[in-house]
Structure formats: structure tokens, C-alpha cells
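The following exercises are to be worked through with the sequence and the coordinates at hand. Each task is followed by a stepwise solution.

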Amino acid sequence: MDVNFDLNAPHSMGTTIIGVTYDGGVVLGADSRTSTGVYVANRASDKITQLTDNVYVCRSGSAADSQVVSDYVRYFLHQHTIQLGQPATVKVAANLVRLLAYNNKNFLQTGLIIGGWDKYEGGQIYGVPLGGTLVQQPFTIGGSGSSYLYGFFDQAWKEGMTKDEAEDLVKKAVSLAIARDGASGGVVRTVIINSEGVTRNFYPGDQLPLWHEELEPQNSLLDILGAPEPMNI
């Protein structure tokens with residue numbers, strides 16, 4: 001059988017990133033699969049990157065593009081903090097991301113979600129999709145898995161959620177995207193940012209809710225191969 005691979009074809013890149021505000025702060029969440037076409041390059045990557053002590057960014061699209069944007073923004077925010085003598089606000093961080101994304105829109109393939117907390121405006125979520133637009137929203141979803149989540153968020157999101165409710169929503173949404181989107185997978189990572197600081201959480205596959213027709217988690221591939229075939233049950 002002849003199989004022809006076009007080495008010059010663009011790689012399909014996918015992920016699921018989410019930012020949600022709640023009463024007192026924000027929750028960011030992401031899956032952990034980094035893929036290059038049909039090949040999974042990293043099953044446990046960290047797509048939520050620290051920009052300052054109180055601001056984080058969720059990265060989607062080209063890993064290289066999103067990483068270099070994050071590195072530049074982190075450097076500029078460090079200089080900004082030194083000059084002002086106080087932490088940069090979430091809006092300043094988001095506008096720096098927007099500036100870099102817009103000025104280099106012809107070269108970058110990345111969508112970003114900036115989330116954080118500051119003493120002036122509390123918890124804030126900003127989305128910077130392809131092209132460099134800056135949009136502040138109460139919740140934002142991005143990546144290839146987001147197309148499966150719009151209806152879910154329309155039904156599940158509500159104003160004035162508690163911290164636990166917001167994180168549970170993010171965890172459920174990312175697990176749903178993992179179940180439906182072939183380019184999203186791995187584990188779920190969340191970052192909670194509020195006036196008390198930052199909390200990072202990690203949820204492996206056996207701690208995620210199962211959706212319709214999903215298989216139970218197994219410790220080994222042999223457990224699956226040794227199971228009876230559905231037709232023989």
C-alpha cells in the first residue's frame with residue numbers, strides 16, 4: 001500500500017483553553033496535548049504560562065509562536081514593574097499581548113487568553129484571537145476544542161459563581177473538549193487567581209468526568225486488550 005505524505009503541508013494544531021471569571025477572581029484551564037499533525041508530540045505539556053505574579057496566559061495554536069510572545073511580554077512586564085515600582089495590571093499585560101499579536105499578525109498563528117487579578121479591577125479575562133483583537137469577556141474559550149463548548153457554556157455559565165463552581169465548570173468543559181476533539185487530550189490543568197494569590201491544580205484522566213460512550217480509564221493497554229469484545233458479552 002502506497003502512502004504519500006506531503007511534508008510541506010501545514011501541521012494541524014489543536015488545543016482547548018478556557019478563562020472564566022467568578023466572584024472574586026478568575027480560573028484558567030487547558031488540556032495538555034501538543035500535536036504536530038496526527039502525531040502527539042507531548043501528552044502533558046503546560047499551556048498556562050506565568051507572565052507576572054498575578055497574570056497568566058493560556059496558549060493555543062503554534063506552540064513556538066505562543067511561547068515567544070509570552071517570553072517577550074514577560075520581559076516587558078518585568079521592566080514595567082521595575083520602572084513603576086508596583087505590579088503591572090491585567091489590562092496592561094493584555095494590551096502588551098495585543099500589541100505584539102497585532103503588529104506581527106502576518107507571522108503568528110496563535111490565540112491567547114490572558115487572565116489575572118489586580119487591586120484596581122479585580123479578576124479579569126481578555127481574549128486575543130488570531131489577528132490581534134483584544135476583547136474583555138466574563139468567560140472566553142479558545143483552540144480547536146472551543147467549537148464543541150459554545151453551547152455548553154451558554155447553558156452552564158452564570159454570573160456570581162463561587163471559586164469551586166468556576167473551577168468545576170472549567171474542568172468539566174475541558175474534559176468535554178477532550179472527549180469530542182481529537183486534537184485535545186491528556187490531563188487538565190487549572191490556575192486560580194484572586195486576592196489571596198495563585199493556586200495551580202492538576203487533574204489526571206482518572207479524575208475527569210466521563211461523557212457519552214467514553215471508555216473507563218485503564219492502567220495498561222493490556223487491560224483493554226484483555227477485555228471481552230462487545231459482541232461476545
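The exercises below concern a predicted model.

**Exercise 1.** Determine whether Thr 110 is buried or exposed, and identify the polar partner of its side chain.

Solution. Step 1: Thr 110 belongs to strand S7, which covers residues 110–118. Step 2: the relative accessibility of Thr 110 is 5%, and buried means under 20%, so Thr 110 is buried. Step 3: a polar atom of the Thr 110 side chain lies 2.8 Å from the backbone oxygen of Ser 60. Step 4: beyond its neighbours within four places in sequence, Thr 110 is in contact with residues including Ser 60, Asp 65, Val 128 and Leu 130.

**Exercise 2.** Classify the ring pair of Phe 139 and Trp 157, then that of Phe 152 and Trp 211.

Solution. Step 1: the count of aromatic pairs is 6. Step 2: the ring centres of Phe 139 and Trp 157 are 5.2 Å apart with planes at 45 degrees, so this pair is tilted. Step 3: Phe 139 is in strand S10 and Trp 157 in the loop between helix H3 and helix H4, so the pair ties together parts 18 residues apart in sequence. Step 4: both Phe 139 and Trp 157 are buried. Step 5: for Phe 152 and Trp 211, the centres are 6.3 Å apart and the planes at 90 degrees; planes over 60 degrees apart count as edge-to-face, so this pair is edge-to-face. Step 6: Phe 152, at 17% relative accessibility, is buried, whereas Trp 211, at 25%, is partly exposed. Step 7: Phe 139, Phe 152, Phe 153, Trp 157 and Trp 211 form one aromatic cluster.

Terms used:
Residues are numbered from 1 along each chain as its sequence is written. This is a predicted model: local features need pLDDT of at least 70, side-chain atom pairs count only at pLDDT 80 or more; totals for chains, interfaces and linings use all residues. Side-chain values use heavy atoms; hydrogens and water are left out. Helices (H or I, at least four residues) and strands (E, at least two) are DSSP runs, numbered from the N terminus. Buried means under 20% relative accessible area, exposed over 50%, partly exposed in between (1.4 Å probe, protein chains only). A polar contact is a pair of N or O atoms within 3.5 Å; within protein, one must be able to donate a hydrogen and the other to accept it, and residues adjacent in sequence count only if both atoms are side-chain atoms. Contact means heavy atoms within 4.5 Å. Rings of Phe, Tyr and Trp (its six-membered ring) pair if their centres lie within 6.5 Å; planes under 30 degrees apart count as stacked, over 60 as edge-to-face and the rest as tilted.
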